[in-house]
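Student: Please take a close look at the interior of this protein. I would like one connected account of how the inside is built and what it leaves empty.

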Amino acid sequence: MPEEKKTRVRYLIVSILFAVSCFSYGDRVSLSLAASAMSKPLQLDPLRMGYLLSGFSWAYVIAQIPSGGLLDRFGPKRVYGISIMLWSICAFLIGFTGHLGAGLAFTVIFVLRLISGFAQAPVFPGNGRIVASWFPTAERGRASAIFNSAQYFSLMIFAPIFGWIIHLAGWTSCFWFMGVLGAVFALLWFNWVYEVKDHPRISKAEIDYIEQGGGLVSSGKAGAANAKGSPLTWSAIRHLLSQRMLVGIYLGQYCITTLTWFFLTWFPIYLSQARHLSIMKVGFAAALPALCGGFGGILGGIVSDRLLKAGHSLTFARKTPIIAGMLLSITMIGCNYAAAQSVMLLLMSISFFGKGFGSLGWTVVSDTSPKGRVGLNGALFNLIGNIAGITTPIVIGYIVKKTGSFDDALIFVGLTALLAVISYGPIVGQIKRLDLDPAPPVEATR
């Protein structure tokens, strides 16, 4: 009997994760691109704009732990798919707030962004959970880097589109566009995403390859059995928070996410207000650093996996790109001394590249999560990391309002990158998979 051909369905899955994650980040960045156009009619000063930009993250953070429990109980296909539909409806409704008074419009947009944040909470815990199921350990860094790079490619893709739409039809139109696009992505998700062993196109050879390489092919099963195996309890949360390695990873993610939310929220506004670019030019100028960040994100995963395959420890293979990338991100402070727009864009591109290169947090979560708590650990990781989505827009808004300049804001973000280096250095220590059993886990090198 001829040997069964090994399929590569896992590459289709990670491509879908990338596309949906791009859409998710496109929804998050839509408000920042519309900010300059909506500031005057809605009477938004920098601090009020900061609060509006932070609205998404308040609910996003609060919903992380419940979303992890839902993912572990019902599986990512159902939870994730419903989430796509819900946040798309919110985006569509924001488009109608242009017909409201300034005060009421602010309140309605803030509430809708809260709902959107709640709806998008399962996205990255779901991504991490799917990658842990669909990919062997030696391919996990690359797979995680691909979906994580969506935060950069989304800005590259959507910033010019939003700039063009706002220029032609006003700021409300970009939200209607996102609402319609969401219906397309929901249809795509429900028709193409399955658990590993349930996928109609996968071969047994690929299932065996994933499972033998460390993929948690059985962890995606929803239902009562899974609910009993990984209950959402405070003792489970306390157990994860008692691990110094995880605390360092969580803190490092908070620092890295501070950079993310600067680029997603205030960077387009910085280009418009501090660098005096038109809305059309802002869209294209924001795309260049985003492109560099995307390539950095993919390259960081490739480098990490190659270091692992070359025989280096899991700790060295994951930490090296993270620390190197965060050191590169500090270069954004140099923009304070760059009068030329080209020099500023070069420094921001280097910083964005470094941020992408070092964004391996979800890979590390896949590597360290105890079996049965992949969703919970991912949710806790994302919860702490995305507190930066609340603090960053507000802190930068306060700084800009107080000083009338973005100089101190760039210093604040650059120093946060330095703190990420400290977190992933001495605090994290050795990277290894945790075990729910009392016996200490052994570090994997493959």
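Tutor: In this predicted model, the largest nonpolar core holds 126 residues, and Met38, Phe262 and Met348 have the most contacts inside it. Helix α13 provides the largest share of this core, 16 residues. That helix runs over residues 244-274.

Met348 shows what such a core position touches. Leaving aside residues up to four places away in sequence, Met348 contacts Phe262, Phe263, Phe267, Tyr270, Pro289, Met332, Cys335 and Leu410. Phe262, itself among the residues with the most contacts in the core, is thus one of the contacts of Met348.

Cys335, another contact of Met348, leads to the cysteines. Cys335 is buried, at 2% relative accessibility. Its sulfur lies 13 Å from the closest cysteine sulfur, that of Cys292, and because this is too far for a bond, the two are not joined. Cys255 is buried as well, with a relative accessible area of 0%. A search of the whole structure returns 0 disulfides. For Cys255, which is in no disulfide, the nearest cysteine sulfur belongs to Cys335 and is 20 Å away.

The interior also contains empty space. Searching the whole structure gives 5 cavities of 30 Å³ or more. The largest of them encloses about 130 Å³. Its lining consists of 18 residues, and Tyr25, Asn148, Gln151, Gln253 and Thr257 lie nearest the centre. Two or more lining residues come from each of α1 (9-39), α13 (244-274) and α17 (361-368). Of these, α13 gives the largest share, 5 residues. Helix α13 therefore appears twice in this account, with the largest share of the core and the largest share of this lining, a statement that rests on how helices are delimited. By class, the lining of the largest cavity comprises 7 nonpolar, 9 polar and 2 charged residues.

The second largest cavity holds about 60 Å³. It is lined by 10 residues, with Pro76, Ile130, Trp134, Tyr194 and Glu195 nearest its centre. At least two lining residues come from each of α4 (76-94) and α6 (123-134), and α6 gives the most, 4 residues. The classes here are 5 nonpolar, 2 polar and 3 charged.

Two loop residues that follow the helices already named are worth adding, as they give a contrast to the buried positions. Gln43 sits in the loop between α1 and α2 (46-62), and its phi is near 55 degrees, a positive value in a residue other than glycine. Gln43 is exposed, with a relative accessible area of 59%. His276 lies in the loop between α13 and α14 (279-309). Although not a glycine, His276 has a positive phi of about 60 degrees. With a relative accessible area of 66%, His276 is also exposed.

Key: Residues are numbered from 1 along each chain as its sequence is written. This is a predicted model: local features need pLDDT of at least 70, side-chain atom pairs count only at pLDDT 80 or more; totals for chains, interfaces and linings use all residues. Side-chain values use heavy atoms; hydrogens and water are left out. On a 1 Å grid over the protein atoms alone, a cavity is a set of points where a 1.4 Å probe fits but cannot get out, and a pocket is an open set with protein on both sides within 12 Å along at least five of seven lines; lining residues have an atom within 4 Å of a point. Grid points are joined across faces, edges and corners, and a volume is the space filled by probe spheres set on the points. Ala, Val, Leu, Ile, Met, Phe, Trp, Tyr, Cys and Pro count as nonpolar, Asp, Glu, Lys and Arg as charged, and the others, Gly among them, as polar. A disulfide is a pair of cysteine sulfur atoms within 2.5 Å. Buried means under 20% relative accessible area, exposed over 50%, partly exposed in between (1.4 Å probe, protein chains only). A nonpolar core is a set of buried Ala, Val, Leu, Ile, Met, Phe, Trp, Tyr and Cys residues joined through side-chain atoms within 4.5 Å. Contact means heavy atoms within 4.5 Å.
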